[in-house]
Amino acid sequence: MKKFLLSLAAVALVSGFASAKTVYWDNSETDWANVYAHSWNPATTWPGEKVTETVEIDGKTYYAATIEDAKTNVIFDNGTGARTEDLAATADAVYGKVNLKGGSIDPIGSIKNGVFTPAGAVEITYATIYVPVSQYDYSVAYIYSWGPEVFGGWPGSAMTKTTVNGTEYWSIKVDDRKLATVTSWQLNGGSDENKTEDLPAVDFQNGYAYDLDGTSVEVGQGGGDDPDPDVVPLYIVGSVSNWTSSAAYKMTADGNGNYTIHLDKLSGDFKITTDIVAGKWNDEYTYTSGEAMALGQEYTCTAGGSANMSVEGLGATDVTVDFNINTLVIKVTGTAITEAVVKYFLKGNFESELWPSTELVENNGLYSASIRPATAECSFIVYKTVDGVESGWYKGVEAIPGQTVTMLNDQGGDATVTLNIGSTYLFAFEPETLALTVTMTSGVADIEAAEDVPAVYYNLQGVRVANPANGLFLEVRGNQVRKVAVK
């Protein structure tokens, strides 16, 4: 039988957040003395918050990091240098040794209701158990059983209030593999407070409500299906949400199959999905014709489709997405984006293992930024965003200060360069040709740009030129750079 232990302190911690999720770290192979979770946005201070709460399942201990729902990413680390890749902060996801820097970004599994399910394993299905509020009329209700412990160890698991066909119930979802005839059970307030007497043996079944005398009755219609619309939560996932089903992109249900969400902006690919279970989306709904959708027009989606949806053109702002889960009809309304905002960023381990991004400043088609590295052997990429959504990575080269190289478009590994610690370097990128020039400028980048700051010139190979003539050159003035033609 599965054994699940969660300290009461952990329960208190989780309940202290208005909206939070738990992401787990399997420390069995890394054996870190301390485990930290650095999450964003907004970002925690590196190395993140120390994870002290743990759960034990089948003799294995998992560290349980509580993360605000709005945060989309997490890095697990040991506080002394070892760390994972940037990972999706997906509720209930479990990460481990294979996710260390340079490894996979996919979860190794998930933990729900005290059960660890490996990634790719058969999905867990859940049963709903009800108790009428009239039978236990307190502000908080936990359910606990023994012979066996269907709802975990004492004091059991918290129930939530829901209304079905006008009757108010306490309800709880549980892995249907755990359903069993129990020797006895209790309701309590999360402790000995408001604890009932030992209640008679019952055979817990999906969709049934249980009175304290052991009698039961099927709830609603359809074999116990819960008509509460939140039982089937739907999310917009895609470029706009960093491909995670976070609370910020959860659709609102009206109980009649209609779901809606308002977004400030929608661009790039997206789908409508349920929450992630065992590392993948449980259900997906998508319009599969391959055409971008016109604003204000209705389209019929396909359940389980593998294609992504998109809005025609550059996307839209002030967006409302309406979807009906019964008819699978979707409609997107909003204001079309007529001009995209394109930006380029330099991202690497120059100053931190967290790979912070530095925006490249545009001047006459040339994008540049100054970097003062804290490490000599640097890895980096240049990436492009369109209206705030990543749409291209440039990498795959070995840059050499004083030379110009041509970056690869989303090919190869990270770009690399060897720099002098403490010196200042100018990175200049030309998107039209993918040319990158790295030039050591010493302390020039620390000078405020001003009209009276003398210009320093470099040729396109990054070599400083005292008297430029007859050609194209990089003109550095303070912390600004531009390409100029000198005759």
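These are my notebook entries on a predicted model of one protein chain.

**Entry 1: the overall picture**

I began with the secondary structure, and the protein chain comes to one helix and 48 strands. Next I looked up burial: of the 487 residues in the chain, 45% are buried. I also checked how far along the sequence the contacts reach. Among contacts between residues at least 6 apart in sequence, 56% join residues at least 24 apart.

**Entry 2: nonpolar cores**

I then turned to the cores. In soluble globular proteins, nonpolar side chains tend to be buried together. Here the largest nonpolar core has 24 residues, and the members that touch the most others are Phe350, Phe380, Met407, Phe427, Phe429 and Leu436. Which elements give two or more residues to this core? I found strand E33 (342-348), strand E36 (366-371), strand E37 (377-386), strand E42 (415-418), strand E43 (425-430) and strand E44 (435-440).

I picked Leu436 for a closer look. Leaving aside neighbours within four places in sequence, Leu436 is in contact with Phe380, Met407, Phe427 and Phe429, among others. The contact list of Leu436 also includes Ala399, Gln403, Thr404, Val405 and Ala428. Apart from the largest core lies another, of 23 residues, among them Tyr259, Phe270, Ala294 and Ala316.

**Entry 3: cavities, and Thr358 on a cavity wall**

Rolling a probe the size of a water molecule over the atoms shows where empty space is left. My search of the whole structure turned up two cavities of 30 Å³ or more. The largest cavity holds about 50 Å³ of space. Its lining is made by Leu346, Gly348, Phe350, Glu351, Pro356, Thr358 and Ile371. By class, that gives four nonpolar, two polar and one charged residues. I was pleased to meet Phe350 again, as this lining residue is also one of the core members that touch the most others.

Thr358 seemed worth a stop of its own. I placed Thr358 in strand E34 (residues 357-359). Is Thr358 buried, partly exposed or exposed? Thr358 counts as partly exposed, because its relative accessibility is 28%, which falls between the 20% and 50% cut-offs. Not counting residues up to four places away in sequence, Thr358 touches Tyr344, Phe345, Leu346, Ala369 and Ile371. Of these, I note that Leu346 and Ile371 also line the largest cavity. I looked up one C-alpha separation too: Thr358 and Ser370, 12 residues apart along the chain, are separated by 9.0 Å.

**Entry 4: the second largest pocket and Val389**

The second largest pocket holds about 1600 Å³ of space. Of its 47 lining residues, Asn73, Asp86, Asn242, Lys347 and Glu390 are the closest to the centre. I sorted the lining by class and got 21 nonpolar, 13 polar and 13 charged residues. Which element gives the most to this lining? E38 does, with four residues. Other elements giving two or more residues include E8, strand E24 (258-266) and strand E27 (280-281).

While on E38 (residues 389-395), I checked Val389, which is found in this strand. Val389 counts as buried, because its relative accessibility is 13%, under the 20% limit. Beyond four places in sequence, Val389 touches Ser239, Ser267 and Lys384. The C-alpha atoms of Val389 and Val341 are 9.8 Å apart, with their places 48 residues apart along the chain.

**Entry 5: a buried threonine and the cysteines**

Thr84 sits in the loop between strand E7 (73-77) and strand E8 (87-88). Thr84 is buried, with a relative accessible area of 0%. Leaving aside sequence neighbours within four places, its contacts are Trp25, Val74, Ile75, Phe76, Asn99, Leu100 and Lys101.

How many disulfides are there? My count came to zero. I still looked up two cysteines: Cys301 is buried at 5% relative accessible area, and Cys378 is buried at 2%.

**Entry 6: backbone notes**

I found a cis peptide bond between Asn41 and Pro42, with omega about 0 degrees. Pro42 is in the loop between strand E3 (36-40) and strand E4 (49-50). Another cis bond joins Gly147 and Pro148, with omega about 10 degrees, and Pro148 is in the loop between strand E13 (142-146) and strand E14 (157-158).

Asn165 has a positive phi, near 50 degrees, and is exposed at 65% relative accessible area. Asn194 also has a positive phi, near 55 degrees, but is partly exposed at 30%.

Definitions and conventions: Residues numbered from 1 in each chain as written. Predicted model: local features only at pLDDT ≥ 70, side-chain atom pairs only at ≥ 80, totals over all residues. Heavy atoms only, no water. Buried < 20%, exposed > 50% of the residue type's maximum accessible area, 1.4 Å probe, protein only. Contact = heavy atoms within 4.5 Å. Core = buried A, V, L, I, M, F, W, Y, C linked by side-chain atoms within 4.5 Å. 1 Å grid on protein atoms, 1.4 Å probe; cavity = no way out; pocket = protein on both sides within 12 Å on 5 of 7 lines; lining within 4 Å. Points joined across faces, edges and corners; volume = space filled by probe spheres on them. Nonpolar A, V, L, I, M, F, W, Y, C, P; charged D, E, K, R; others polar. Disulfide = S-S within 2.5 Å.
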